[in-house]
Amino acid sequence: MSVQDRIAVITGSGQGIGEGIAHELASQGAKVVINDINQERIDYVVNSLNNEYGEGSAMGIRADITDPEQAKYLIDETVNILGRIDILVNNAGIARDKTIRGLSIEDWDKVLDTNLKATFLTCQAASHHMIRQEYGRIINISSRAWLGFKGQSNYAASKGGVVSLSRTLALELAKYQITVNTVCPGLIQTPLFDDIPQEAKENLIKIQPTRSVGKPKDIGYSVSFLASDESSYITGQTLFVCGGKSLYSSLSV
Ligand SMILES: NC(=O)c1ccc[n+]([C@@H]2O[C@H](COP(=O)([O-])OP(=O)(O)OC[C@H]3O[C@@H](n4cnc5c(N)ncnc54)[C@H](O)[C@@H]3O)[C@@H](O)[C@H]2O)c1
């Protein structure tokens, strides 16, 4: 599977799953653009990738991708500096969990803006370049939660939207040799997971068919497969990387 010398933009890659995806793609020879709103985290990840995989493996672009101008800047600046964009991974995402009675309009808008609108904005900006190149791999990070999870109506709706958006873009862009696929992580060990109280963590692990928590690199492996030259005949698909949790119709704890 090859991503050698491909130019990849990964949104929200200053930590967590995005950082794991960046490591996997860079380890396979891609040149990665680390995007985040946190400049310190961008610098940390860029330095560690350049140390580990060689100078020029990574560069950083700070942009808040919920802002249409900044989303476009991220993509256009990548093409200005590196000449093209082959791979776009929409990973930046947030959660503001509350049941419907307590969910504010602000919590709804913030989650929908970050998880769904920003994905549309970067896909639109990248598609202009990818159509011209007649090559592209777009991988959008959704979540197993799009199938439904109590207390996550805003998050689940945004992630369901990501699946629908990806399937539709797959149809629109297929004739330009651009594939669009979705990866749905389940429980993954990130700073967010580490902060959960011990008892709640144990409850979450108990309902995992595998009785385990995934690692950011598990998402990295699936993304690098969908980002590879060899995955050209796979588009519009939704891949669950969740230790089997998607096999239940709906879960809560
Ligand atoms: N961690 C999990 O268990 C899990 C499970 C399913 C899906 N996901 C999804 O995976 C993705 C990554 O999750 P994570 O756990 O690594 O999250 P995280 O909070 O650890 O990292 C997300 C990164 O995105 C950045 N970000 C947030 N808003 C941004 C914006 N507007 N512009 C640019 N960057 C922005 C943050 O600064 C942060 O560095 C998200 O889309 C999340 O919904 C995570």
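This is a short chat about the ligand site and the salt bridges of a predicted model.

Trainee: What are the ground rules here?
Mentor: It is a predicted model, where local features need pLDDT of at least 70, side-chain atom pairs count only at pLDDT 80 or more, and totals for chains, interfaces and linings use all residues. Residues are numbered from 1 along each chain as its sequence is written, and side-chain values use heavy atoms, with hydrogens and water left out.

Trainee: How many residues surround the ligand, and which are the closest?

Mentor: There are 25 around the ligand, and the closest are Gln15, Ile17, Asp36, Asn91 and Tyr155. A residue counts if one of its heavy atoms lies within 4 Å.

Trainee: Which polar backbone atoms do oxygen atoms of the ligand meet, say at Ile17 and Asn91?
Mentor: An oxygen atom of the ligand is 2.8 Å from a polar backbone atom of Ile17, and an oxygen atom is 2.7 Å from one of Asn91. A polar contact is a pair of N or O atoms within 3.5 Å.

Trainee: And how do the shell residues divide by type?
Mentor: Into 10 nonpolar, 12 polar and 3 charged. Gly counts as polar, while Tyr and Cys are among the nonpolar ones.

Trainee: Changing topic, how many salt bridges are there?
Mentor: The search of the whole structure finds 7, each a side-chain nitrogen of Lys or Arg within 4 Å of a carboxyl oxygen of Asp or Glu. One of them joins the side chains of Asp5 and Lys31, at 3.9 Å from N to O.

Trainee: What does that pair tie together?
Mentor: Asp5 lies in the segment before β1 (7-10) and Lys31 in strand β2, so the pair ties together parts 26 residues apart in sequence. Strands are DSSP runs (E, at least two residues), numbered from the N terminus.

Key
A polar contact is a pair of N or O atoms within 3.5 Å; within protein, one must be able to donate a hydrogen and the other to accept it, and residues adjacent in sequence count only if both atoms are side-chain atoms. Helices (H or I, at least four residues) and strands (E, at least two) are DSSP runs, numbered from the N terminus.
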